[in-house]
Amino acid sequence: MDYRIEKVAVLGAGTMGAQIAAHLANAGVQVLLLDIAPGELTPQEEARALTLESPQVRNRIANAGLDAAKKIKPAAFFSPAAAGLITTGNFEDDLAKVSEVDWIIEAIIEKLEIKRDLFARVDRYLKPGTIVSSNTSGISIKAMAEGMSDNFRHHFLGTHFFNPPRYLKLLEIIPTAETLPDVKDTISDFCDRRLGKGVVLAKDTPNFIANRIATFSSLNTSRTMVEGGYTVEEVDAMTGPLVGRPKSASFRTTDIVGLDTALYVAENLYNAVPDDERRESLVPPDFLREMVKRGWIGNKAGQGFYKKQKGEGGKTEYWALDYKEMEYRPPQKVRFPSIDAAKTIDDTAERIRVLVYGKDRVGEFLWKTISQNLIYAANRVPEIAEDIVSVDNAIKWGFNYEFGAFELWDVLGVEKAVARMREEGLPVPPLVEKLLASGKASFYERREGRTFYFDLATSDYKEVEPLRGVTVLKSLKERERVIKKNAAASLVDLGDGVACLEFHSKMNAIGGDTVAMMNYSVKEVDSNFEALVIGNQAENFSVGANIMLLLLGAQEGEWDEIGLSVRQFQNANMSLRYSAKPVVTAPHGMALGGGCEITMHGDKARAAAETYLGLVEVGVGLIPGGGGVKEMVLRAVEDALPDEDLFARIRKVSETIAMARVSTSAVEAREIGFLRDTDPITMNRDRLIEDAKQTALAMVREGYTPPRPRTDIPVLGEPALAAIKLAVHMMIRGGFISEYDGHVARKLAYIITGGDLSRKTLVSEQYLLDLEREAFVSLCGERKTQERIQHMLKTGKPLRN
């Protein structure tokens, strides 16, 4: 059967249901969002003389869920406009409308019988071929489907999204023995391509994969903390980015999830796994029960393991819980010499090895927790998943960890870790014994650009099947597809006549080596390729220019050198724009400052949905110098009507740059002007490089004609400059910006309006670039700009001086 998913019903408008609906809307899907009809009126409804039959009353709960999704931070929607794709209703009046949809997602309370009652009602209206799934986090999928119609059971499966659904990559798909293979494949492909998910197939076991491992890990962390007398702050200092995990670490993460949720999941898991060899370790600690009893359930209650307080001078502080006394105390600096030393190690794997095998309290804690977690994970295969890759992907994608459990075995060294486990009398899992007995020393190995994993069934390595439509630059480089490289970038042959310029400096900051490779790439592609893609697979596309080098040059008074560097970057960007072959930029993550300017100078941008574009130079007392101002002016006026007053468009450019506005998604970047409406968006970042390559090849097939430099850009001159200066003055008077912010804003306005021109005039791109460069270099010489750069380098935050 040819399944097409164009309209989806989400049953349940709570936190998860409403945010799943929001993300479907992000993908351009029409959504029907339903919840129960209220059984009583609120005081406000009574005051308005409404009744239980009033439509706004009957849909109140679904409407409230949608409203909450519109307000939640971080944003559930790519753009507020996406909410227009969602229609609300209730189970009593609107359940029959599920006959009009292609996929039904249940996201109601985690109670089996309540779910089964709703599914029985849905089954009455189900059209042949409609797919039904549950977003349960651990209830048996088979048990939910029992007794339903053949059509229901054959089209039913689990689809476990992680919270928040927009941002966490993992989607666990749990088919039953009766689920049609095409149904599983359809949902897997749709969620991969349209929703940007990393799909993992899980077995129908309690809590599936990620939550099964994570629940044990969380309880194990708490138990080790208590046994070792560690504080909440000490544990979070040891279990965050230092070991490849998010900044929220252990207990801040629990506060985000909710302690009530964590307790509920732990108790359910304990009851559901009577044969688990570590079942007694799944008993929640007493202090967790007491915290829930007191209502200290995390961020949603204002306090959990941490509580926001006002410190000296009204400064916000986060007080941590002393779980022994059940009292909050002021923040205390965590002092472990090994942590300070480890922060100097850039490579996460090496940092983990140094810390875990250390002989201090940090090493003791990390070894106890990580070794137990690894043993537990190894004992779950093949119980919860067919292979170790599924377990590792679930852990990485569900919790934003850098390493999965079996990757971490390899990081520590399997033989070394097992030797210590045996010394300490710890049980070595059968899977690990089998690996070592087969003569192998790691769960993964790389060969000729391909990854292989240890397969339990065959006791041998098996290739990790690459996804169709996914290009991995690391694999291409290992297969000697690098054309040329330097310290900052590489030109890689993607095949089919397309090359990719990959940045790989620290944070992909832009410097002289980057510019040199940009120039080389344009020339090489012009001679030997059909098209160029500019993209990479680091965390961020580029955070902008290397401001440390800029600061050093400014402090030495090297104005000619700074001016030359800016000119070279401008010329490199212009060479992208006017290359004889098509150039497609592929931004993702942060594309700030110079990264945003590079993005805008391609013929097209193929952006990941989660791309945060912005010209943020004013944050360090500068203005964009690589063509960003010029490009924003050009884009603002290019579709204007012949007699249109352009001031509103120019004012918007001024405000966007002066306020250092950064898009919260690629969709919003279109609305701001960093991307064009014709620039396509890729939902799954793993597919971005291949999608950008196909975009470039499409341009080649259509017969690419390079554009010509513009000499007809209208600028408004002195009248517009005076108006913007007045607005800046009023902002200073109102205390919204500092005097120096105003100084930078006036420099920016001078460029945008065309410099020393008395009236509206047509100018060239080069004219605006020259104004940009002059203003940039002059601001580099300002003491307050240098102070702002120093502050940014030290704190990562802008200074308003």
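Is Cys 596 buried or exposed? At 0% relative accessibility, Cys 596 counts as buried. Please keep in mind that this is a predicted model. Here are some points to help you find your way around.

1. **The sheet as a whole.** A good place to start is the open sheet, whose six strands run in the order 15-16-17-18-19-21 with mixed pairing. Its edges are strand 15 and strand 21 (604-605), each of which pairs on one side only. As general background, strands of a sheet pair through backbone hydrogen bonds, either parallel or antiparallel.

2. **Strand 15 with strand 16.** Beginning at one edge, strand 15 (residues 482-485) pairs with strand 16 in the antiparallel sense, over three bridges. To see this pairing on screen, look for Val 482, which stands opposite Val 492 in strand 16. The connection between strand 15 and strand 16 is a hairpin through three residues.

3. **Strand 16 with strand 17.** On to the next pair: strand 16 and strand 17 (residues 498-503) are antiparallel too, with six bridges between them. Leu 491 has Leu 501 in strand 17 as its bridge partner. A hairpin with two residues in between links strand 16 and strand 17, and Asp 496 in that turn has a positive phi of about 60°.

4. **How covered is strand 16?** Strand 16 spans residues 489-495 and is mostly covered, with six of its seven residues buried. Helix 23 (residues 512-528) lies across strand 15, strand 16, strand 17 and strand 18 (531-534). Relative to strand 16, helix 23 runs at about 30°.

5. **The parallel pair.** Towards the other edge, strand 19 (residues 583-585) and strand 21 pair in the parallel sense over two bridges. Here Val 584 has Lys 604 in strand 21 as its bridge partner.

6. **The cysteines.** How many disulfides does the structure hold? The structure holds zero disulfides. Cys 500 is in no disulfide, and the nearest cysteine sulfur, that of Cys 596, is 19 Å away. A disulfide needs the two sulfur atoms within 2.5 Å, so a separation of 19 Å rules out this pairing in the model. Seen from the other side, Cys 596 is likewise in no disulfide, with the sulfur of Cys 500 as its nearest cysteine sulfur.

7. **Back to the opening question.** Cys 500 has a relative accessible area of 0% and is buried. Cys 596 also counts as buried, at 0% relative accessibility. The cut-off for buried is under 20% relative accessible area, so the value of 0% places Cys 596 in that class.

Note on methods: Residues numbered from 1 in each chain as written. Predicted model: local features only at pLDDT ≥ 70, side-chain atom pairs only at ≥ 80, totals over all residues. Heavy atoms only, no water. Buried < 20%, exposed > 50% of the residue type's maximum accessible area, 1.4 Å probe, protein only. Helix = DSSP H or I, 4+ residues; strand = E, 2+ residues; numbered from the N terminus. Pairing = 2+ DSSP bridges. Contact = heavy atoms within 4.5 Å. Axes fitted to C-alpha atoms, helices over the stretch in contact; angles between N-to-C directions.
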